[in-house]
Amino acid sequence: MANKRNLKKMINYICSDLFSECVAASLYGKKDKEDINAILTSILIVHNNFICRISHPEPGMAKKGYFKDLKDKFNIQAGEIIDQIANI
């Protein structure tokens, strides 16, 4: 299990890359600003949600299983955001 600091750094790095990719795609594409703003908002919500979940794990759940589940869910949501950016 990675420590919380490294996990937070990983989430920050991935979300900042997603955010910059979305901004770059919006500059080069002719897509509706509302769609782009919705994607940017979803990136920020995912970032805040998972950072808070790292800081406050669920009581009664095994730490190793909790953080594995957290990483899996983050990867799924990041993949969905990547697909949305690709469709811009």
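This report describes the fold, the third helix, a buried arginine and a surface patch of a predicted model.

## Overall architecture

The chain contains three helices and zero strands, and its elements follow the pattern α-α-α along the sequence. Along the principal axes, the C-alpha trace spans about 50 × 20 × 15 Å.

Of the 88 residues in the chain, 24% count as buried. The accessible surface amounts to about 6000 Å², and carbon and sulfur atoms account for 57% of that area. Considering contacts between residues at least 6 apart in sequence, 74% join residues at least 24 apart.

## Helix α3 and its packing

Helix α3 comprises residues 63-86, 24 residues in total. The distance from its first C-alpha to its last is 34 Å, close to the 34 Å expected at 1.5 Å a residue.

The buried residues of α3 are Tyr 66, Phe 67, Leu 70, Phe 74, Ala 78, Ile 81 and Ile 85. These buried residues pack against α1 and against α2, the latter covering residues 33-55. A general property of helices is relevant to such a list: an α-helix has 3.6 residues a turn, so residues three or four places apart point the same way.

## A buried arginine in helix α2

Arg 53 is found in helix α2. This arginine is buried, yet it has no salt bridge. Which side chain of opposite charge is nearest to Arg 53? It is that of Asp 69, at 4.3 Å. A salt bridge is counted within 4 Å, so the Arg 53 and Asp 69 pair does not qualify.

When neighbours within four places in sequence are left aside, Arg 53 is in contact with Tyr 66, Asp 69, Leu 70 and Lys 73. Two of these partners, Tyr 66 and Leu 70, also appear among the buried residues of α3.

## A nonpolar surface patch

Phe 19, Val 23, Leu 27, Tyr 28 and Leu 44 form a nonpolar patch on the surface. Together they present about 550 Å² of accessible area. Helix α1, residues 4-28, supplies the largest share of the patch, with four residues.

One of the patch members, Phe 19, lies in helix α1. Is Phe 19 buried, partly exposed or exposed? Phe 19 counts as partly exposed because its relative accessibility is 32%. The partly exposed class lies between the buried limit of under 20% and the exposed limit of over 50%.

Key: Residues are numbered from 1 along each chain as its sequence is written. This is a predicted model: local features need pLDDT of at least 70, side-chain atom pairs count only at pLDDT 80 or more; totals for chains, interfaces and linings use all residues. Side-chain values use heavy atoms; hydrogens and water are left out. Patches are made of residues with over 30% relative accessible area and no salt bridge: like charges are joined within 9 Å, nonpolar side chains (Val, Leu, Ile, Met, Phe, Trp, Tyr) within 5 Å. Accessible areas come from the Shrake-Rupley method with a 1.4 Å probe; for residues, only the protein chains shown count as cover. Helices (H or I, at least four residues) and strands (E, at least two) are DSSP runs, numbered from the N terminus. Buried means under 20% relative accessible area, exposed over 50%, partly exposed in between (1.4 Å probe, protein chains only). The expected span of a helix is 1.5 Å times one less than its number of residues. Contact means heavy atoms within 4.5 Å. Lys and Arg count as positive and Asp and Glu as negative; His and the chain ends are not counted.
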